[in-house]
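Open the model in a viewer and keep the sequence panel beside it. The tour goes from one selection to the next and says what is found at each stop.

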Amino acid sequence: MAAIDHTLAAASTATARTHKTVGLWLTAGAVTNTLMAGTYVVFSAGVMPWLGTKSDADFVTTMQDINTGIENPLFFAVFTAAMAAPAVAAWKLRKLGGGTAMKWALAALALYTTTVLTTSGINVPLNQMLAHAGSADPTKTRTDFETTWNIWNGIRAVLSTAAAVAMVKAVRLYRRSA
């Protein structure tokens, strides 16, 4: 009988640990998706409108400097975690039987993955074009860059905000059910 009690206690401890771990992954997903949404929104609402008031040469050189500066370990860690955390949370929730929280985590994953695809397929190539343009013809460089980059950054802002909302919803649902 003592062996059965010990086995049940160990199973109960493991389940409690799993529930805590899922909660941590969901929270990490909510935080990192919110940080990424904030990054894109700040660019759409603050940085790019301010840069829009600058001369073509100032616009190009400032945006080149921003693109160089933003590529740092902290940015890449948050950028990656915003996709990894919802994926891990959904995987762990699946092991616990899935449920509505898992569906919201998967929705966040799909939304944020779309921002990653947009980033790598549109915004990064535009940033690379800008970097390689130098300062030869700032008017043409700006014309080729600004409008398209702003439109797709706005789309990233909306998608990543929706991903953050989905992750917060997943956290709330999970905490209610746990």
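Is lysine 140 buried, partly exposed or exposed? Select lysine 140: its relative accessibility is 48%, so the residue counts as partly exposed.

Before going further, colour the chain by confidence. This is a predicted model, with a mean pLDDT of 91 for the chain and 91% of the residues at 70 or more. Over residues 4–11 the pLDDT is below 50, and this stretch has zero contacts in the model beyond near neighbours in sequence.

**Stop 1: the salt bridges**

Go back to lysine 140 and add aspartate 144. The two form a salt bridge, with the closest N and O atoms 2.6 Å apart. Both are in helix α5, and because they are four residues apart there, about one helical turn separates them. Aspartate 144 is partly exposed, at a relative accessible area of 36%.

The count of salt bridges comes to three. For another of them, select arginine 142 and aspartate 56, whose closest N and O atoms are 3.1 Å apart. Arginine 142 lies in helix α5 (residues 138–177) and aspartate 56 in helix α2 (residues 56–70), so this salt bridge ties together parts that are 86 residues apart in sequence. Which of these partners is buried, and which is partly exposed? Arginine 142 has 8% relative accessibility and counts as buried, while aspartate 56, with a relative accessible area of 26%, is partly exposed.

Keep arginine 142 selected and add glutamate 146. Their side chains meet in a salt bridge of 2.8 Å, N to O. Glutamate 146 and arginine 142 are four residues apart in helix α5, so about one helical turn lies between them. Glutamate 146 is buried, its relative accessible area being 16%. Through shared partners, salt bridges join Asp56, Arg142 and Glu146 into one network.

**Stop 2: the aromatic rings**

Next, show the aromatic side chains. How many aromatic pairs does the structure hold? There are six. Select phenylalanine 59 and phenylalanine 145 for one of them: the ring centres are 6.1 Å apart and the planes stand at 65 degrees, so the pair is edge-to-face. Phenylalanine 59 is in helix α2 and phenylalanine 145 in helix α5, so here too parts that are 86 residues apart in sequence are tied together. Phenylalanine 59 is buried at 0% relative accessibility, and phenylalanine 145 is buried with a value of 0%.

Extend the selection to Phe43 and Trp149, which form one aromatic cluster with Phe59 and Phe145.

Stay on phenylalanine 145 and list its contacts. Leaving out residues up to four places away in sequence, phenylalanine 145 touches Met48, Phe59, Met63, Leu126, Asn127, Met129 and Leu130. For a distance check, pick the C-alpha atoms of phenylalanine 145 and serine 44: they are 14 Å apart, with their positions 101 residues apart along the chain.

For a ring with a charge over it, move to tryptophan 91. Arginine 94 lies over the face of this ring, 4.0 Å from the ring centre.

**Stop 3: the nonpolar cores**

Now select Leu26, Met36, Phe79, Leu93 and Tyr112. In the largest nonpolar core, which has 25 residues, these touch the most other members. Helices α1 (2–51), α3, α4 (100–133) and α5 each supply at least two residues of this core. Apart from it lies another core, of 10 residues, including Leu51, Phe59, Leu130 and Phe145.

Centre the view on tyrosine 112. What does tyrosine 112 contact, leaving aside neighbours within four places in sequence? The residues are Asn33, Met36, Phe79, Ala82, Met83, Ser160 and Ala163.

**Stop 4: alanine 82**

From tyrosine 112, step across to alanine 82, in helix α3 (residues 73–95). Alanine 82 is buried, with a relative accessible area of 0%. Not counting residues up to four places away in sequence, alanine 82 touches Thr32, Asn33, Met36 and Tyr112. As a last pick, take the C-alpha atoms of alanine 82 and methionine 36: the two residues are 46 apart along the chain, and these atoms are separated by 7.4 Å.

Key. Residues numbered from 1 in each chain as written. Predicted model: local features only at pLDDT ≥ 70, side-chain atom pairs only at ≥ 80, totals over all residues. Heavy atoms only, no water. pLDDT = per-residue confidence, 0-100. Contact = heavy atoms within 4.5 Å. Salt bridge = Lys/Arg side-chain N within 4 Å of Asp/Glu carboxyl O. Buried < 20%, exposed > 50% of the residue type's maximum accessible area, 1.4 Å probe, protein only. Phe/Tyr/Trp six-rings, centres within 6.5 Å; stacked < 30°, edge-to-face > 60°. Lys NZ or Arg CZ within 6 Å of the ring centre and 35° of its normal. Core = buried A, V, L, I, M, F, W, Y, C linked by side-chain atoms within 4.5 Å.
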